[in-house]
Amino acid sequence: TSAMTLSICPISFYNEPKRIPHDKNFIKLLTMRCRKWYNQYSYQRIKEYQMSGFLDSISGSISEAPYIIKCLTVFLLSMIPVTELRLALPFGIVIGLDYPSAMLFSFLGNIAVIPPVVVWGGKLIRYFAKFEKLGKPFRWILSLGEKKVAKMTKTLFFGLWAFVAIPLPGTGAWTGCLISITLSKKLREVWKPLVLGVLTAMAVVGAITFLVEQGVTWLKIFI
C-alpha cells in the first residue's frame with residue numbers, strides 16, 4: 001500500500017489545478033489597462049464623429065452654393081493626386097450637381113494636369129535627383145523606368161490606359177503621367193492613352209455612383 005501511495009502521490013500532485021493568486025496590485029493594473037483601452041476607443045470614436053460632422057458641414061455648405069462654385073469645386077478636386085476623378089465625381093453628385101455636369105467637370109479637371117506634369121514634371125524630377133540627400137526619392141522614381149516600368153515599352157498604349165482607367169488607389173492620371181516621365185516619353189506619345197483612360201474611368205465611376213445611389217434609394221423605400 002505504501003508503495004502504491006508513493007507512486008500515486010506525484011501524479012496527483014502534478015495534476016492538481018493551479019490557483020491564480022488574488023493580488024490587489026494585479027487587479028488594479030488590469031483595471032487601469034481596461035480603462036486606458038476604453039479611453040483610447042472613446043477618443044477615436046469622438047474623432048471619427050467630429051471628422052464626419054466636419055465633412056458633412058463642408059458638403060452641406062457647398063451644396064447651397066451657386067452652380068458655378070459647385071462645378072469649380074469638382075474641377076479642382078479632380079486635379080488633386082489623391083482624389084482625382086474617382087472621388088470628385090461622386091462628390092459632385094453629393095453636393096447636388098447633375099450627372100452630366102459632375103462627369104464633365106471632373107473629366108476636364110483630371111485631364112488638365114496631364115500636359116504640365118508630363119512636360120515639366122520630368123525636368124523637375126531630374127533636377128532634384130542631382131542633390132545627394134534630397135534627391136533619393138527622385139532617383140528612385142527614375143530608376144523605375146530602367147527596371148520594372150521599362151517592360152511596358154511594347155505595350156505602352158494599353159499599359160497607360162489600364163493604369164489610368166482603373167479607379168483604384170494608386171492609379172489615375174497622375175500615375176500615368178509618372179510612368180510617362182520614367183519612360184522619358186513626350187506628351188504627343190502618351191496623351192491619347194491618358195485621355196482615353198480618364199474617359200473610361202469617368203464612365204466606370206459614373207456607373208458605379210448611379211448604381212449605389214439607386215440602391216440606397218431602394219433601401220430607404222423598403223426600410
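Modeller: In this predicted model, a residue counts as exposed when its relative accessible area is over 50%, and as partly exposed between 20% and that value.

Colleague: Is Phe-158 buried or exposed?

Modeller: The cut-off for exposed is over 50%. Phe-158 has a relative accessibility of 55%, so this residue counts as exposed.

Colleague: How are the rings of Phe-158 and Trp-161 arranged, stacked, edge-to-face or tilted?

Modeller: Both residues lie in helix 8 (residues 156–165), three residues apart, which separates them by about one helical turn. Their ring centres are 5.7 Å apart and their planes meet at 35°. Stacked needs under 30 degrees and edge-to-face over 60, so the pair of Phe-158 and Trp-161 is tilted.

Colleague: What kind of pair do Tyr-127 and Phe-128 form?

Modeller: The structure holds five aromatic pairs. In the one made by Tyr-127 and Phe-128, the centres are 5.4 Å apart and the planes stand at 75°. Edge-to-face begins over 60 degrees, so this pair is edge-to-face.

Colleague: Which residue forms one aromatic cluster with Tyr-127 and Phe-128?

Modeller: Tyr-127 is partly exposed at 47% relative accessible area, and Phe-128 is partly exposed at 28%. The residue that forms one aromatic cluster with them is Phe-131.

Colleague: Which helix gives the most residues to the largest nonpolar core?

Modeller: This core has 32 residues, and Leu-85 and Leu-194 have the most contacts inside it. Elements that give two or more residues include helix 4 (84–94) and helix 10 (187–222). With six residues, the element that gives the most is helix 10.

Key. Residues are numbered from 1 along each chain as its sequence is written. This is a predicted model: local features need pLDDT of at least 70, side-chain atom pairs count only at pLDDT 80 or more; totals for chains, interfaces and linings use all residues. Side-chain values use heavy atoms; hydrogens and water are left out. Rings of Phe, Tyr and Trp (its six-membered ring) pair if their centres lie within 6.5 Å; planes under 30 degrees apart count as stacked, over 60 as edge-to-face and the rest as tilted. Buried means under 20% relative accessible area, exposed over 50%, partly exposed in between (1.4 Å probe, protein chains only). Helices (H or I, at least four residues) and strands (E, at least two) are DSSP runs, numbered from the N terminus. A nonpolar core is a set of buried Ala, Val, Leu, Ile, Met, Phe, Trp, Tyr and Cys residues joined through side-chain atoms within 4.5 Å.
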